[in-house]
Amino acid sequence: MQPHAPSYYAASANPFPAQPRLAGAESADVVVVGGGFTGLSAALHAAEAGYSVVLLEARRIGWGASGRSGGQMIPGLRWGVKDLVRELGRSRAAELVTLANSAGAMVRGRIERHAIACDLRRGHFTAAAKPKHLDAMRGELALLQDLVGYTCAAIVSRADQSDFVGSDIYHGGLIDMNGGHLHPLNYALGLANAALAAGVRIFEDSAVADVDHGTPVRARTESGSVTARHAVLAADSWMGDLEPRFAAMTMPVINYNVATAPLDKALARSLMPSNAAVADSRFVLNYYRLSADNRLIFGGGEKYSPRPPADIGSFVRPYLEQVFPQLKGVAIDHAWGGTVGVTLNRLPLFGRIGNSFYAHGWSGHGVLLTTLAGDLIARAMRGSAEQFDLFAQLPRRAFPGGTLLRQPLYVAGMLYYALRDRL
Ligand SMILES: Cc1cc2nc3c(=O)[nH]c(=O)nc-3n(C[C@H](O)[C@H](O)[C@H](O)COP(=O)(O)OP(=O)(O)OC[C@H]3O[C@@H](n4cnc5c(N)ncnc54)[C@H](O)[C@@H]3O)c2cc1C
């Protein structure tokens, strides 16, 4: 069995027994393709609803973005309330925002219910990279409070930001106690344990070559097949390989993280005194948090070629040291990359093809929404699809240039936004 890609998370993963490879023909009510948060949550929720479920993972549980992410539990969607109201109208926007914001409690509930040891911490701080970003946050929060009576978040002035971040490059920010952070691989493994306990049959090292979306659906791997009433496609960055019609809708973009050596406790606390996760408000953002053993886990940097840097640690270090000059020369113990499935408008793609359901394109905002998606998919299977459809009806657009030109055009777009970040 292939090991997890090397990372701080792989090095500190809770034990999880290797699952068998699919061999021969299986049948179930539901076959789930992909063993990240989306697939695991869908499998768990479907099993709890009484369905028999088979989950097929190409490599290992949590091998994709879920086991490598920054672990930041970012409340809401990538779009602000103002844009959502303009696009959907006030009442649908309110419904969607309330639903998206319920994901925080759902994830915390799962962690508590299954006693998942994944270092959960409350609080997510968005740091204003420019004074006008703080003004925008103030406006957004007022709209959010007016629309749905949101009470979890507050504006933090520049004078008070040192309660959340020990860096003076920011201009205040927004603290949201509905957010937080966790050890993402251990959360994924915990969901997998819960799914096994609920009766889900998990197969690792079982890449699905194709899915027939008819009646019954059929998912085929090199060494076996599963027939079922429903399929759930949960392969995020790899959805274009699984289902060609998605290839132009999402783009796999690689993002890099490092974990420093454990820091002195007082130094660690001085970086993030409240132990909330921090992300800045730039389009090409830096995001960071403390691990349970006081490492700084830092994601950032801009890299527009699919080829990884020769040395990921050296690539990320300048961004880290720009935020925290006090960490100049700090030892970096782990450095890794992972693939983020990005859509053109940064909203996720939900929908159906025949008897299959899909949810992907989280655009770097998937730690919370994926668990919610699994619940919505399971409910849609049972005939209660209103909330699934709220997501499925979100606007979507293919990348211009199709699969051939999307990469260069995307790079041009990102360079434009990266330049705007600097102005
Ligand atoms: C470096 C990095 C940092 C991130 N940081 C954050 C963050 O701080 N906060 C946040 O909210 N989001 C973050 N994200 C995004 C977040 O991790 C993802 O949105 C989320 O994990 C997606 O979960 P998923 O289950 O949909 O996809 P994945 O976790 O990618 O799972 C898909 C799975 O499908 C499997 N698969 C693929 N093809 C097949 C096939 N043909 N057959 C069977 N299985 C297949 C893959 O092996 C994989 O395990 C980050 C992502 C990365 C890469």
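Start with the open sheet of 4 strands in this predicted model. Its order is 1-11-10-9, and the pairing is mixed. Select strand 1 (24-27) and strand 9 (208-212): these stand at the edges. Each has a single partner strand, so one side of each is left without a neighbour in the sheet. On average, neighbouring strands here are turned by 15° against each other, direction ignored.

Now select residues 217-221 and 224-228. These are strand 10 and strand 11, an antiparallel pair with 5 bridges. Pick Arg220 and look across to strand 11. Which residue is its bridge partner there? The partner of Arg220 is Ser225.

Step back to the loop between strand 9 and strand 10, where Pro216 lies. Show the backbone of Thr215 and Pro216. The peptide bond joining them is cis, with omega at about -5°. Most peptide bonds are trans.

Next, go to Asp205, in the loop between strand 8 and strand 9. Is its phi positive or negative? Phi of Asp205 is positive, near 55°, and the residue is not a glycine. Most residues other than glycine have a negative phi.

**The sheet of 6 strands**

From that loop, move to strand 8 (201-203), at an edge of another open sheet. This sheet has 6 strands in the order 8-3-2-12-19-18, and the pairing is mixed. Strand 18 (349-353) stands at an edge too. Strand 8 and strand 18 have a single partner strand each, so each has one side without a neighbour in the sheet. The average turn between neighbouring strands of this sheet is 15°, direction ignored.

Select residues 230-233 and 356-360 for strand 12 and strand 19. They run parallel and are joined by 3 bridges. Pick Leu233; opposite, in strand 19, stands Tyr358.

Add helix 10 to the view. What does helix 10 touch as it packs on the sheet? The helix touches strand 2 (30-33), strand 12, strand 18 and strand 19. Its direction makes about 160° with that of strand 19.

**Helix against helix**

Keep helix 10 (residues 369-381) and add helix 4 (residues 90-113). Their axes come within 8 Å and cross at roughly 95°. Helix 4 is therefore roughly perpendicular to helix 10. Show side chains at the contact. On the helix 4 side, select Leu99, Ala100, Ser102, Ala103, Met106, Val107 and Arg110. On the helix 10 side, these meet Leu369, Thr371, Leu372, Asp375 and Leu376. By class, the contact has 8 nonpolar, 2 polar and 2 charged residues.

Then select helix 3 (residues 81-88) and helix 5 (residues 131-148). Their axes lie 9 Å apart, at an angle of about 55°. That angle makes helix 3 oblique to helix 5. From helix 3, pick Val81, Lys82 and Val85. They meet Glu140, Leu143, Leu144 and Leu147 in helix 5. This contact has 5 nonpolar and 2 charged residues, and no polar ones.

**Around strand 5**

Select strand 5 (residues 121-127) with strand 7 (residues 173-181). The two run antiparallel, joined by 6 bridges. Pick Arg122: its bridge partner in strand 7 is Gly180.

Now swap strand 7 for strand 14 (residues 277-280). How many bridges join strand 5 to strand 14? There are 4, and these two strands run parallel. Pick Ala127 to find Asp280 of strand 14 standing opposite. Strand 5 thus offers both senses of pairing to inspect, antiparallel with strand 7 and parallel with strand 14. Strands of a sheet pair through backbone hydrogen bonds, either parallel or antiparallel.

**Rings and charges**

Finish with the aromatic side chains. First, centre on Trp63. Which charged ends sit over its ring? The charged end of Arg59 sits over the ring, 4.0 Å from its centre. The charged end of Arg68 also sits over the ring of Trp63, 4.5 Å from the centre.

Last, select Phe350, Phe357, Trp362, Phe388 and Phe391. Ring pairs link these residues into a cluster. Phe350 lies within the range of strand 18 (349-353), and Phe357 within that of strand 19 (residues 356-360). Across the whole structure, a search finds 14 aromatic pairs.

Terms used:
Residues are numbered from 1 along each chain as its sequence is written. This is a predicted model: local features need pLDDT of at least 70, side-chain atom pairs count only at pLDDT 80 or more; totals for chains, interfaces and linings use all residues. Side-chain values use heavy atoms; hydrogens and water are left out. Rings of Phe, Tyr and Trp (its six-membered ring) pair if their centres lie within 6.5 Å; planes under 30 degrees apart count as stacked, over 60 as edge-to-face and the rest as tilted. A charge sits over a ring if NZ of Lys or CZ of Arg is within 6 Å of the ring centre and within 35 degrees of the ring normal. Axes are lines fitted to C-alpha atoms, for helices over the stretch in contact, and angles run from 0 to 180 degrees between N-to-C directions. Angles under 35 degrees count as roughly parallel, over 145 as roughly antiparallel, 65 to 115 as roughly perpendicular and the rest as oblique. Contact means heavy atoms within 4.5 Å. Ala, Val, Leu, Ile, Met, Phe, Trp, Tyr, Cys and Pro count as nonpolar, Asp, Glu, Lys and Arg as charged, and the others, Gly among them, as polar. Two strands pair if DSSP finds at least two bridges between them.
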